[in-house]
Amino acid sequence: MDIIAQGPLVKMPAEIGPQISYQLKLGDHRVDLNSYLGKPVKLSYLGQIHCTHCGRKTSKSFAQGYCYPCFKKLPQCDLCIMSPEKCHYDQGTCRDPSWGEQFCFQSHYVYLANSSGVKVGITRGTQVPTRWIDQGAIQALPILRVDTRFQSGLVEQIFATHVTDKTNWRAMLKGQVDRLDLCAERDRLLELCQTALTELEDRFGLQAIQRLPEAEVLELNYPVLNFPAKVTSLSFDKKPVVEGVLQGIKGQYLILDTGVINLRKFTAYQIEFSA
């Protein structure tokens with residue numbers, strides 16, 4: 001095999017089209033992964049991890065690419081990023097108020113996605129459709145636009161009493177997902193959650209939570225030759241060399257004939273790619 005590129009691993013960039021186009025990003029190097037479908041590839045962990053924020057060498061990556069000190073102090077690693085309804089900005093304890101004002105006090109979408117069945121999620125407008133691609137969704141539909149991340153978390157909590165907010169990643173990778181009528185699911189959930197949504201509108205104002213009845217379902221198609229019958233998870237922490245014939249790419253996973261690997265999990269790892 002020839003060495004194609006090496007550098008710190010970054011979440012795979014993807015472009016939407018008739019079929020999603022993926023790139024392997026290793027530092028400044030970008031590799032067109034779709035062109036390697038059906039071919040043997042090898043990814044080798046070179047034994048070093050450098051924090052994506054401060055560059056410090058670390059023996060372990062926290063929150064996908066950070067050293068422990070940055071994980072403990074950066075606002076993008078705070079608990080409220082995963083649980084927006086736990087935002088504590090108004091308590092004066094935000095790790096970096098200016099960061100919060102830039103990223104959290106902007107419009108967010110509450111959406112339905114079909115990655116392993118219907119689920120509810122939230123994302124900033126700038127992350128559409130990237131967020132859905134990263135989850136391996138085959139369909140997605142924005143249903144509400146809200147003013148802040150905190151509000152989106154509260155709305156997500158309401159919907160999550162009726163529909164999951166998690167993806168079954170094994171089912172997603174097996175390709176065992178049927179197309180759904182997301183518009184019908186939207187209408188059903190809005191009716192079920194009407195009382196709770198009205199309470200939020202009374203709290204934040206009618207314009208803070210806007211319904212999107214004209215939104216259309218986005219259909220997403222992934223570059224996959226063969227889905228695995230059994231999902232075997234691969235890890236650079238257990239085996240520094242991951243290799244096999246590339247069968248597909250979905251979400252942030254590479255599907256090989258030897259198993260699957262979530263590349264996003266290993267952000268900041270120094271990786272060598274050969275083919």
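**Overall architecture, cores and local contacts of the predicted model**

The accessible surface of the chain amounts to about 13600 Å², and carbon and sulfur atoms contribute 48% of that area. The structure described here is a predicted model. Its secondary structure consists of 8 helices and 14 strands. The radius of gyration is 20 Å, close to the 19 Å that the globule rule gives for 275 residues, so the chain is as compact as a globular protein of that length. Along the principal axes, the C-alpha trace spans about 60 × 45 × 25 Å. Of the 275 residues in the chain, 45% are buried. Among contacts with a separation of 6 or more, 68% join residues that lie 24 or more positions apart.

The largest nonpolar core comprises 46 residues, and those with the most contacts inside it are L24, F236, L254, L263 and F273. For L263, the contacts beyond its neighbours within four places in sequence are L9, M12, L24, L43, F236, Q252 and L254. A second core, separate from this one, contains 22 residues, including V120, L144, V146 and V163.

Helix α7 spans residues 182–192, and its buried residues are L182, R186, L189 and L190. Viewed down the axis of α7, these buried residues fall within an arc of 100°, so they line one face of the helix. The cover over the buried residues of α7 includes strands β6 (108–114), β7 (118–124), β8 (139–146) and β9 (209–211). Helices α5 (149–159) and α8 (194–204) also form part of that cover. At the start of α7, the backbone nitrogen of C183 has a side-chain oxygen of D181 within 3.3 Å.

Strand β11 covers residues 241–250 and includes E243. With a relative accessible area of 41%, E243 is partly exposed, because this value lies between the 20% limit for buried residues and the 50% limit for exposed ones. When its neighbours within four places in sequence are left aside, E243 is in contact with V41, K42, L256 and T258. The C-alpha atoms of E243 and L43 are separated by 6.2 Å, although these residues are 200 positions apart along the chain. L43 is also one of the residues in contact with L263, and L263 in turn is among the residues with the most contacts inside the largest nonpolar core.

Technical notes
Residues are numbered from 1 along each chain as its sequence is written. This is a predicted model: local features need pLDDT of at least 70, side-chain atom pairs count only at pLDDT 80 or more; totals for chains, interfaces and linings use all residues. Side-chain values use heavy atoms; hydrogens and water are left out. Helices (H or I, at least four residues) and strands (E, at least two) are DSSP runs, numbered from the N terminus. Buried means under 20% relative accessible area, exposed over 50%, partly exposed in between (1.4 Å probe, protein chains only). Contact means heavy atoms within 4.5 Å. The arc is that of the directions from the helix axis to the C-beta atoms. A polar contact is a pair of N or O atoms within 3.5 Å; within protein, one must be able to donate a hydrogen and the other to accept it, and residues adjacent in sequence count only if both atoms are side-chain atoms. A nonpolar core is a set of buried Ala, Val, Leu, Ile, Met, Phe, Trp, Tyr and Cys residues joined through side-chain atoms within 4.5 Å. The radius of gyration is taken over C-alpha atoms; the globule rule is 2.2 Å times the number of residues to the power 0.38. Accessible areas come from the Shrake-Rupley method with a 1.4 Å probe; for residues, only the protein chains shown count as cover.
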